[in-house]
Amino acid sequence: MTENIHSAPQNIYKPAIMKIVARHDEAPGVRTMRLEFQDPAEHEQFKETFRTGMFGLYGIYGEGESTFCVASPETRKEYIECTFRQSGRVTSALASADVGDLVTFRGPYGNRFPIEDFYGKNLLFIAGGIALPPTRSVIWSCLDQREKFGKVTIVYGARTVADLVYKHELEEWQKRDDVDLVLAVDPGGESPDWKHRVGFVPTVLEEAAPSAENCVAVLCGPPIMIKFTLNSLKKLGFEESNVYTTLENRMKCGLGKCGRCNVGSVYVCKEGPVFTAAEVALMPQADL
Amino acid sequence: MTKILYTDKLDNCVERWRSAGLSVIGPVRNANITAYRPVGSAADLELSQILPDRSIKELFFPQTEPMMRYSIKKDAINTEECLPPVGPRIIFGARPCDASGLAIDDPLFGWDYKDEYWFNRRNETVIVSIACTKSDEFCMCTSLKLSPDSTKGSDVLLRPLESGKGWQVEELTDRGREAFKAIAELLTEGAEAAAPTAVVAEKFDADACSEWLRNPENFESRFWKEISVRCIGCGSCTYLCPTCHCFDIQDEGDTFTGIRRKNWDSCSFALFTMHTSGHNPRSTQSARWRQRIMHKFNYFPGKFSANSCSGCGRCTRQCPVDMGITETLQEISKLSQ
């Protein structure tokens with residue numbers, strides 16, 4: 001776990017104002033927005049503090065704030081990208097905002113993936129469904145300095161072909177010969193022209209059987225997928241301390257005060273959201 | 001010889017403080033509820049009750065408070081911060097447990113990120129506590145390494161005289177000394193004895209409880225279900241608690257103008273931790289009660305080196321189903337033997 005660097009002497013609850021400069025529909029109900037800071041000083045502060053894995057609170061005044069990761073990499077800090085599923089009051093309001101509209105952002109908060117520790121190692125990224133966005137931030141942060149890492153494998157599964165997010169980037173990764181991409185959809189989720197695998201992520205991962213030798217795994221997905229994928233990684237010989245994941249608990253402040261995101265004694269907003277599987281194993285499992 | 005403040009001078013004190021620009025706050029009884037409220041004169045003060053029904057926290061962390069006002073125009077969003085309009089103030093007649101509660105929460109509101117809404121009020125408030133000479137069966141400060149005359153969190157501590165006609169004055173901080181300079185000539189030097197402080201029996205062994213709570217095996221003990229089966233999840237205990245600090249952030253208004261508010265929230269509520277997906281990490285009342293106890297006596301002391309409880313006993317005293325921290329910790333004390 002790393003130190004938090006963000007401690008400017010200002011109203012900690014006051015959000016930055018961001019302009020939506022682009023938006024893109026990824027999958028049914030899932031949208032990506034690219035946001036730009038309006039205040040250069042706030043942008044500078046973001047550039048100084050943002051590292052891959054950190055999260056923010058995105059909002060629309062009158063509706064509230066919602067917590068999700070920064071989906072863009074730490075190697076591209078001119079903007080913030082976020083990807084979210086329209087499901088509640090805030091995400092519905094965000095989904096109805098158009099290019100040119102203004103939204104609010106607080107962050108970046110939390111800890112990060114320590115990618116310097118991954119230098120020289122092989123990387124295995126595993127994501128399920130809407131959890132590709134946090135993984136994608138790390139993926140690009142590494143691909144933008146590709147020479148520093150060994151073999152890169154990405155295993156990504158979604159319920160159906162339509163539910164795969166970042167389809168254009170998946171194509172790009174598919175074409176790269178320095179990235180090994182394994183795509184899968186759940187049984188029944190395939191389309192007639194689907195050329196990739198059919199199966200759940202843990203099974204597909206075990207079939208792909210990436211070597212655990214000198215390899216770090218980054219795993220993001222719904223709790224049930226994480227649980228089974230951790231078993232698969234164990235079978236493949238991965239140590240828990242070499243598997244990184246993120247916890248996504250409900251938050252209001254993001255600052256360690258509002259009291260709801262903790263799992264046991266661990267405040268996800270300050271000590272997370274990035275944890276190794278070894279750290280997660282020490283938490284009270286019933287509270288996850 | 002100690003400084004003595006006689007009760008018949010109290011009205012003059014209130015006047016002096018008010019004319020020195022301090023607003024005076026103290027326990028006031030209104031509509032059958034005693035709470036810390038602004039007072040105009042000493043006659044407004046209700047100092048005989050064991051402790052006010054409502055805790056002191058609402059003067060620093062109100063039930064609801066605006067954090068910012070927003071207005072949205074075609075190409076601009078304007079955020080106007082609403083920092084608390086406090087001004088210097090003095091709280092006269094706080095109970096030591098209430099004052100301690102504030103000191104317990106300071107590190108929480110200050111770790112890494114400083115909450116101005118809390119600290120602006122803390123920095124402008126002088127707290128004059130009165131040691132307790134009465135207690136009831138719910139008081140439990142002594143079980144938490146505090147006492148009826150704890151000085152933690154207070155700027156001045158007053159000890160009631162045996163005669164009942166005033167208080168010995170113990171100035172504890174510069175802020176307290178400064179406030180008492182304004183009433184210096186109303187104080188008398190004297191040797192009058194102070195009344196004995198209240199006897200508060202130890203009800204549980206907090207250290208043994210914390211140790212039991214730290215043992216991961218006890219996290220899924222049947223005990224949690226049994227002890228919390230009566231809990232109706234009303235949240236009263238958390239609202240009355242001087243140290244419970246959980247809050248929600250909500251917007252009130254429309255697309256053009258409105259207020260973003262910080263509101264009390266409670267770990268007793270089912271929706272508190274509910275994820276968007278419908279998954280709820282604390283989906284049962286027993287999991288939520290466990291969280292409350294764990295937080296106060298295991299997680300919080302682990303982070304901030306103090307139990308998140310000052311022993312005021314309000315949670316138990318006013319619980320509609322007669323539950324409370326005391327009973328739970330007494331049971332844990334037994335289990336840990």
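Strand 3 (residues 55-60) of chain A pairs with strand 6 of chain A in the antiparallel sense, over four bridges. To find that pairing in this predicted model, look for F55(A), which stands opposite Y109(A) in strand 6 of chain A. Strand 6 of chain A has another antiparallel partner to look at: strand 1 (residues 16-27) of chain A, joined to it by four bridges. Here a handy marker is I17(A), standing opposite T104(A) of strand 6. How covered is strand 6 (residues 102-109) of chain A? Mostly: seven of its eight residues are buried.

As a reminder, strands of a sheet pair through backbone hydrogen bonds, in either a parallel or an antiparallel way.

Now hop over to chain B, which has 10 helices and 12 strands. Its radius of gyration is 22 Å, and the globule rule gives 20 Å for 337 residues; the two are close, so chain B is as compact as a globular protein of that length. Along the principal axes, the C-alpha atoms of chain B fill a box of roughly 65 × 65 × 40 Å. In terms of burial, 43% of the 337 residues of chain B count as buried. If you like contact maps, take the contacts in chain B with a separation of 6 or more: 70% of them come from residues 24 or more positions apart.

One sheet to pick out in chain B is an open one of four strands, with the order 5-4-12-11 and antiparallel pairing. Which strands sit at its edges? They are strand 5 (76-81) and strand 11 (247-253) of chain B, each of which pairs on one side only. On average, neighbouring strands of this sheet are turned by 20 degrees against each other, ignoring direction. Strand 11 of chain B runs antiparallel to strand 12 (residues 257-264) of chain B, and seven bridges join the two. Within that pair, I249(B) has K262(B) in strand 12 as its bridge partner.

Last stop: helix 8 (residues 285-304) of chain B. At 1.5 Å a residue, its 20 residues should span 28 Å, and the end C-alpha atoms are 26 Å apart, which agrees. Where along helix 8 of chain B is the kink centred? Go to H295(B), where the kink is about 55 degrees. Just past the end of helix 8 of chain B comes S305(B), with a positive phi near 55 degrees.

Definitions and conventions. Residues numbered from 1 in each chain as written. Chains lettered and ligands numbered in written order. Predicted model: local features only at pLDDT ≥ 70, side-chain atom pairs only at ≥ 80, totals over all residues. Pairing = 2+ DSSP bridges. Axes fitted to C-alpha atoms, helices over the stretch in contact; angles between N-to-C directions. Expected span 1.5 Å × (residues − 1). Bend = angle between axes of the 7 residues up to and from the residue. Rg over C-alpha atoms; globule rule 2.2 N^0.38 Å. Buried ≥ 20, exposed ≤ 12 C-beta atoms within 10 Å, placed from the backbone. Contact = placed C-beta atoms within 7 Å.
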